[in-house]
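Let's take a walk through a protein chain together, starting with what sits in its middle and working outwards from there. Have a look at the picture first.

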Amino acid sequence: MLFVSTVIIMAETQTKLETAREIIDSVDRKMAELFARRMEAVKLVAEHKAERGLPIFDEKREEQVIRKNSAFLASESEAVRTAYLDFLRDTMGISKKYQEYLLSGMKIAYCGTAGAFAQIASSKIFPSAECIGYQSFNEAYDAVASGECHAAVLPFENSSAGEVGQVADILFSGSLYVTGAYDLSVSHDLLVIPGTTIDEITDVVSHPQALAQCDPYIRKHGWTRHEYANTAKAAELVSKNGDKKTAAIGSREAGELFGLETLDSGINEANNNTTRFVTVSKVKNTITAGRDMDARFILSFTVKNEAGSLAKAIEIIGKHGYNMQSIRSRPMKELLWQYYFLVECEGRIDGDNGSTMLSELSGWCDLLKVIGSYLKY
């Protein structure tokens with residue numbers, strides 16, 4: 001009897017195993033089909049990001065997907081829900097790697113050379129892309145306008161030295177759109193010919209923004225300052241000249257690239273020195289509903305030569321619920337004593353509310369342009 005019972009139990013166990021395997025095989029076939037469909041959608045996402053110069057990783061979007069999808073298994077056990085969350089994260093990780101593969105041919109323009117802060121920012125935002133340095137902001141911008149590059153990364157504002165006026169002017173007059181804004185913590189180092197002592201230095205060379213950010217340090221030592229195209233080029237110049245009297249101000253990476261020694265670190269005035277970079281692309285970025293809290297946009301305009309026009313424009317923006325983060329005025333090069341304004345606002349302009357606001361603004365503005373919409377990262 002014991003032998004017969006054992007055979008029956010084994011038969012039942014085998015039947016359960018076979019049943020389970022049939023279910024798994026069937027599900028796996030369906031999952032393979034669904035996986036292929038998901039990768040087709042991921043390819044569309046990659047194409048969308050390439051057109052607009054957007055990064056692969058969108059942390060808030062991933063959190064949103066996990067939060068939404070986890071509700072699908074609300075009635076299951078905690079162990080199953082936990083395993084499903086791991087499955088979701090692994091799937092999104094695979095999707096990101098696939099996007100990296102698809103976007104490995106992207107070309108990103110920046111102003112400067114290897115070791116410049118713009119190059120560092122570009123490689124952080126687009127780690128799988130080819131980052132190409134240009135001699136000026138205009139050249140980097142034009143590389144995108146001509147189709148030579150997919151997007152450009154340009155410095156827009158520094159927490160210590162303020163806006164980068166030349167970039168603001170290019171954005172106002174050009175045809176490209178801002179599609180993203182990213183903060184890069186900037187630490188300026190004193191770069192010298194190896195073996196140089198601080199007493200030997202009489203001159204410093206760097207980009208005007210870097211010199212401004214390190215102004216107290218420079219004045220403390222009484223050095224003569226010289227402006228140069230960018231921080232990395234300044235490091236290259238010091239390296240080529242081999243003169244211990246001249247130091248460069250730039251990144252440690254630039255110093256290492258050109259064989260310079262870092263004599264002092266973090267010489268910028270503010271410990272929280274941060275530069276905000278923007279990405280620009282030929283294709284306008286549209287923020288979909290549901291991301292309103294993360295949405296930002298930049299608006300440029302000139303007002304009519306009438307009393308109260310600027311005040312009215314600001315009133316209209318506020319009336320529609322948009323919180324202005326900043327407003328700047330810049331002189332228009334082609335018109336003496338005429339100015340344009342750049343306004344950065346929180347909120348989503350891609351919708352009925354934004355369209356109504358723009359329509360009302362047009363009654364008080366001679367020129368009106370949405371420079372770009374982006375998500376806060």
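## What a core is

A nonpolar core is a set of buried Ala, Val, Leu, Ile, Met, Phe, Trp, Tyr and Cys residues that are joined through side-chain atoms within 4.5 Å. "Buried" here means under 20% relative accessible area. One more thing to keep in mind: what you are looking at is a predicted model.

## The biggest core

With that in hand, you can find the largest nonpolar core, which has 29 residues. Leu154, Leu171, Val178 and Val280 have the most contacts inside this core. Plenty of elements chip in with two or more residues, among them helices H5 (137–145) and H6 (165–173). Strands do so too, including E3 (151–158), E5 (177–185), E11 (274–281) and E15 (365–375). In soluble globular proteins, nonpolar side chains tend to be buried together.

Zoom in on Leu171. Setting aside neighbours within four places in sequence, Leu171 is in contact with Tyr141, Phe156, Val178, Val280, Lys369 and Ile371. There is also a second, separate core of 20 residues, and Tyr110, Phe126, Ala151 and Val153 are among its members.

## Helix H6, tucked away

Is H6 largely enclosed or largely open? In H6, 7 of the 9 residues are buried, so this helix is largely enclosed by the rest of the structure. The buried ones are Gly165, Val167, Ala168, Asp169, Ile170, Leu171 and Phe172.

## Phe277 and its crowd

Now hop over to strand E11, where you'll find Phe277. Phe277 has a relative accessibility of 2%, so it counts as buried. Which residues does Phe277 touch, if you skip those up to four places away in sequence? The list is Phe117, Ala118, Ala121, Val153, Leu154, Pro155, Phe156, Gly180, Ala181, Tyr182 and Leu184.

For a sense of distance, try Phe72: it is 205 residues from Phe277 along the chain, and the two C-alpha atoms are separated by 39 Å.

## Ser185, out in the open

Strand E5 holds Ser185. Buried or exposed? Ser185 counts as exposed, because its relative accessibility is 60% and the cut-off for exposed is over 50%. Apart from its neighbours within four places in sequence, Ser185 is in contact with Asn273 and Thr274. His226 is 41 residues away from Ser185 in sequence and 24 Å away in space, C-alpha to C-alpha.

## Three stops in the loops

Loops are worth a visit as well. Pro55 is in the one between helix H1 (2–52) and helix H2 (59–70), and with a relative accessible area of 8%, Pro55 is buried. His320 sits in the loop between helix H11 (309–319) and strand E13 (323–331). At 15% relative accessibility, His320 is buried too. Leaving out neighbours within four places in sequence, His320 is in contact with Asn353, Thr356, Met357 and Glu360. Pro55 and His320 are 265 residues apart in sequence, and their C-alpha atoms are 30 Å apart in space.

The third stop is Thr113, in the loop between E1 and helix H4 (117–125). Beyond neighbours within four places in sequence, Thr113 is in contact with Gln119, Asn230, Ala232, Lys233 and Phe258. Between the C-alpha atoms of Thr113 and Asp28 there is a gap of 49 Å, with 85 residues separating the two along the chain.

## Stepping back

Time for the whole view. The protein chain has 12 helices and 15 strands. Its radius of gyration is 28 Å, well over the 21 Å that the globule rule gives for 377 residues, so the chain is more spread out than a compact globule. Along its principal axes, the C-alpha trace spans about 100 × 65 × 35 Å.

Of the 377 residues, 42% are buried. Among contacts with a separation of 6 or more, 74% come from residues 24 or more positions apart. On the outside, the accessible surface comes to about 19900 Å², and 53% of that belongs to carbon and sulfur atoms. As for charges, there are 41 positive and 50 negative ones, and their mean positions are 3 Å apart.

Notes. Residues numbered from 1 in each chain as written. Predicted model: local features only at pLDDT ≥ 70, side-chain atom pairs only at ≥ 80, totals over all residues. Heavy atoms only, no water. Helix = DSSP H or I, 4+ residues; strand = E, 2+ residues; numbered from the N terminus. Rg over C-alpha atoms; globule rule 2.2 N^0.38 Å. Buried < 20%, exposed > 50% of the residue type's maximum accessible area, 1.4 Å probe, protein only. Contact = heavy atoms within 4.5 Å. Areas by Shrake-Rupley, 256 points an atom, 1.4 Å probe, with all protein chains shown as cover. Lys, Arg positive; Asp, Glu negative; His and termini not counted. Charge placed at Lys NZ, Arg CZ, Asp CG, Glu CD.
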